[in-house]
Amino acid sequence: MHIQDSRWASASAIAPGGAVGAAVGNGRGDGARTTPLRVDAQRNLEHVLRAAREVFGELGYGAPMEDVARRARVGVGTVYRRFPSKDVLVRRIAEEETSRLTDQARAALGQEDEPWSALSRFLRTSVASGAGRLLPPQVLRVGVAEDGGDGPDEARVPQQRTQPGGGELRLVAEQSAAVDDAGAAALLDVVGQLVERARAAGELRPDVSVSDVLLVIATAAPSLPDAAQQAAASARLLDILLEGLRSRPA
């Protein structure tokens, strides 16, 4: 898995509903008007988004825009007309994948009565979808902070427990990136609920954190050239990781 940092610029993302701002379409900052995309333009946008998910999933967010254009079979100028910078495209893809993971976590939480079944269902569904390879860097940036090391650039992962070594795993912001972004916060919250339920039921190791669960999702979906081999490898790796997460009788 290759998860690479992006500057996460504050430029406005393209609206998911298929409309593009006039400022993006003509390169001028002449207002926030939106117009429906033509059929061919909408098709190109869909090709670019699909290609971006594939390329970033395989190579990480450091992959160049030229690779996305090549995979989409459009000119790189077409990509930049839809997304004025790579940061805007990266943010769009990461937000979509974060939202998809949040929906999967909520479905598992609402449809599975058994805490371990809910957590394992979420992990299996998420790994199978490959969404973990496209998680934004700020939800995976985990460091060990010393006691008393709280600072303005750190934000505690929801439901995070202090680890047995004196330190505490923390989600660390990437410079000015908003760790409390609504999408990332929603994901961390609902995964935190899954973790807490499984821990309270005695089925999850007490030292397993929300960050650990997200790292499982991110690492258990290898990108292999053969689809069948990739599915088999993901399933096998996830079985091993799930066994590592489970609590064992003393």
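In this predicted model, helices α2 (39-59) and α5 (86-111) each contribute at least two residues to the lining of the largest pocket. The greatest contribution to that lining comes from α2, which gives 4 residues. The pocket itself has a volume of about 250 Å³. Its lining comprises 14 residues, and those closest to the centre of the pocket are Arg 53, Glu 54, Gly 57, Glu 58 and Arg 133. By character, the lining residues divide into 6 charged, 5 polar and 3 nonpolar.

From the pocket the description turns to the interior. In soluble globular proteins, nonpolar side chains tend to be buried together. Here the largest nonpolar core holds 33 residues, of which Phe 122, Leu 123 and Val 191 touch the most other members. Two or more residues of this core come from each of the helices α5, α6 (115-129), α7 (182-200), α8 (210-219) and α9 (227-245). Among these elements, α7 gives the most to the core, with 8 residues. The surroundings of Leu 123 give a closer view: neighbours within four places in sequence aside, Leu 123 is in contact with Val 213, Val 216, Ile 217, Leu 238, Leu 242 and Leu 245. Apart from this core lies another, made up of 22 residues, including Tyr 61, Phe 83, Ile 93 and Leu 134.

Helix α3, which spans residues 65-72, shows how burial can follow the geometry of a helix. Which residues of α3 are buried? They are Met 65, Val 68, Ala 69 and Ala 72. Viewed down the axis of α3, these buried residues fall within an arc of 95°, so they line one face of the helix. An α-helix has 3.6 residues a turn, so residues three or four places apart point the same way. The cover over the buried residues of α3 includes α2, α4 (76-82) and α5. Both α2 and α5 were met above, where each supplies at least two residues of the pocket lining.

The chain then leaves α3 and reaches Arg 73, which is found in the loop between α3 and α4. Just after α3, Arg 73 takes a positive phi of about 60°. Most residues other than glycine have a negative phi; Arg 73 is a residue other than glycine whose phi is positive. Is Arg 73 buried or exposed? Arg 73 has a relative accessible area of 79%, and is exposed because that value is over 50%.

Note on methods. Residues numbered from 1 in each chain as written. Predicted model: local features only at pLDDT ≥ 70, side-chain atom pairs only at ≥ 80, totals over all residues. Heavy atoms only, no water. 1 Å grid on protein atoms, 1.4 Å probe; cavity = no way out; pocket = protein on both sides within 12 Å on 5 of 7 lines; lining within 4 Å. Points joined across faces, edges and corners; volume = space filled by probe spheres on them. Nonpolar A, V, L, I, M, F, W, Y, C, P; charged D, E, K, R; others polar. Core = buried A, V, L, I, M, F, W, Y, C linked by side-chain atoms within 4.5 Å. Buried < 20%, exposed > 50% of the residue type's maximum accessible area, 1.4 Å probe, protein only. Contact = heavy atoms within 4.5 Å. Arc of directions from axis to C-beta.
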